[in-house]
Amino acid sequence: MISRSSVDRPENSQLRTYVRSEVVVVYKTKEAFGGLSNMAAGYPLQINGVRILTTEALYQACRFPHMPDVQREIIGQHSPMTAKMKSKPHRKNSRPDWDEVRHKVMRWCLRVKLAQNYEEFGRLLLATRSQPIVEQSRKDDYWGAKLVDDAGDILVGQNVLGRLLMELREKLKDDTEGVLKTVPPLGISDFMLLGKPIETVTANLSRDVQKPQSDMF
Ligand SMILES: Nc1c(N[C@@H]2O[C@H](COP(=O)(O)O)[C@@H](O)[C@H]2O)[nH]c(=O)[nH]c1=O
């Protein structure tokens, strides 16, 4: 039987409660563990030779494998927030299975972030030791957890992003051979970027990078 990770099991979709002072909180990108956020700058990626500035832009682009122009616009943004905003008007046209695959896509995006920023992102992940990691969010208790009390002590949410980060951290602790420096494409249909199937991602960022279109003019 194939064993499923805790994030994949449907019974694990319930809300979780965390005491803020007892966990690693990911909230603002400038804070100590802000680099764990998908919005953090300084962790560049490269897929099929295309440069992508943040994990957020990559994740949002993965909604639209059938709309390369929308993907180009998303990954051409300098700000991760703007990349997310550019995806918003098209959300209803996300790939039809998006809700079923989005956590797998996010797991793959985090793997890519680690493979291509192995030292820096790896160091930050390991610095969380064995503590729970929780993305604090004002609105989103699926990827993160929301403050529920006036004192700001209690966070409640599914915290799927935090749980994927913890899952990756545990894999990294065992990665003595650097296996995590290579990331195979996700086994889902139409896993495409700019009209081409996404290839295996490796740690070595080539110098000969194809820039997003908006940088060319
Ligand atoms: N951190 C953070 C957000 N959360 C991020 O948004 C992404 C999911 O987007 P979606 O599923 O399309 O709504 C995911 O990377 C999650 O971590 N959203 C924000 O508007 N501001 C923020 O500072």
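This section describes the fold, the core and the ligand surroundings of a predicted model. Local features require a pLDDT of at least 70 and side-chain atom pairs a pLDDT of 80 or more, while totals for chains, interfaces and linings use all residues. Residues are numbered from 1 along each chain as its sequence is written.

The chain contains six helices and eleven strands, assigned as DSSP runs (helices, H or I, at least four residues; strands, E, at least two) and numbered from the N terminus. For 217 residues, a compact globule would have a radius of gyration near 17 Å, and the value of 17 Å for the chain agrees with this; the radius is taken over C-alpha atoms, and the globule rule is 2.2 Å times the number of residues to the power 0.38. Along the principal axes, the C-alpha atoms fill a box of roughly 50 × 40 × 40 Å. Of the 217 residues, 36% are buried (20 or more other C-beta atoms within 10 Å of the residue's own, with C-beta atoms placed from the backbone). Among contacts (C-beta atoms within 7 Å) between residues at least 6 apart in sequence, 62% join residues at least 24 apart.

An open sheet is formed by three strands in the order β1-β7-β6, with antiparallel pairing; strands count as paired if DSSP finds at least two bridges between them. The edge strands, β1 (16-19) and β6 (146-147), each pair on one side only. Four antiparallel bridges link β1 to β7 (residues 154-157), and arginine 16 stands opposite glycine 157 of β7.

The largest nonpolar core (buried Ala, Val, Leu, Ile, Met, Phe, Trp, Tyr and Cys residues joined through C-beta atoms within 7 Å) has 47 residues, of which Ile52, Ala57, Leu58, Ala61 and Leu165 touch the most other members. Helix α4 (residues 98-116) supplies the largest share of this core, seven residues. Beyond its neighbours within four places in sequence, isoleucine 52 contacts Leu45, Gln46, Ile47, Ala57, Leu58 and Ile75. Ile75 is also one of the buried residues of helix α2 (residues 68-75), together with Gln71, Glu73 and Ile74. The buried residues of α2 pack against β4 (50-52), α1 (55-61), α3 (80-87) and β9 (192-193).

The ligand is surrounded by Ser37, Asn38, Met39, Glu56, Tyr59, Glu135, Ser137, Asp140, Trp143 and Leu161, the criterion being a C-beta atom, placed from the backbone, within 6 Å. This shell divides into four nonpolar, three polar and three charged residues, where Asp, Glu, Lys and Arg count as charged, Ala, Val, Leu, Ile, Met, Phe, Trp, Tyr, Cys and Pro as nonpolar, and the others, Gly among them, as polar.

Key:
A residue is buried if 20 or more other C-beta atoms lie within 10 Å of its own, exposed if 12 or fewer, and partly exposed in between; C-beta atoms are placed from the backbone. Two residues are in contact if their C-beta atoms, placed from the backbone, lie within 7 Å.
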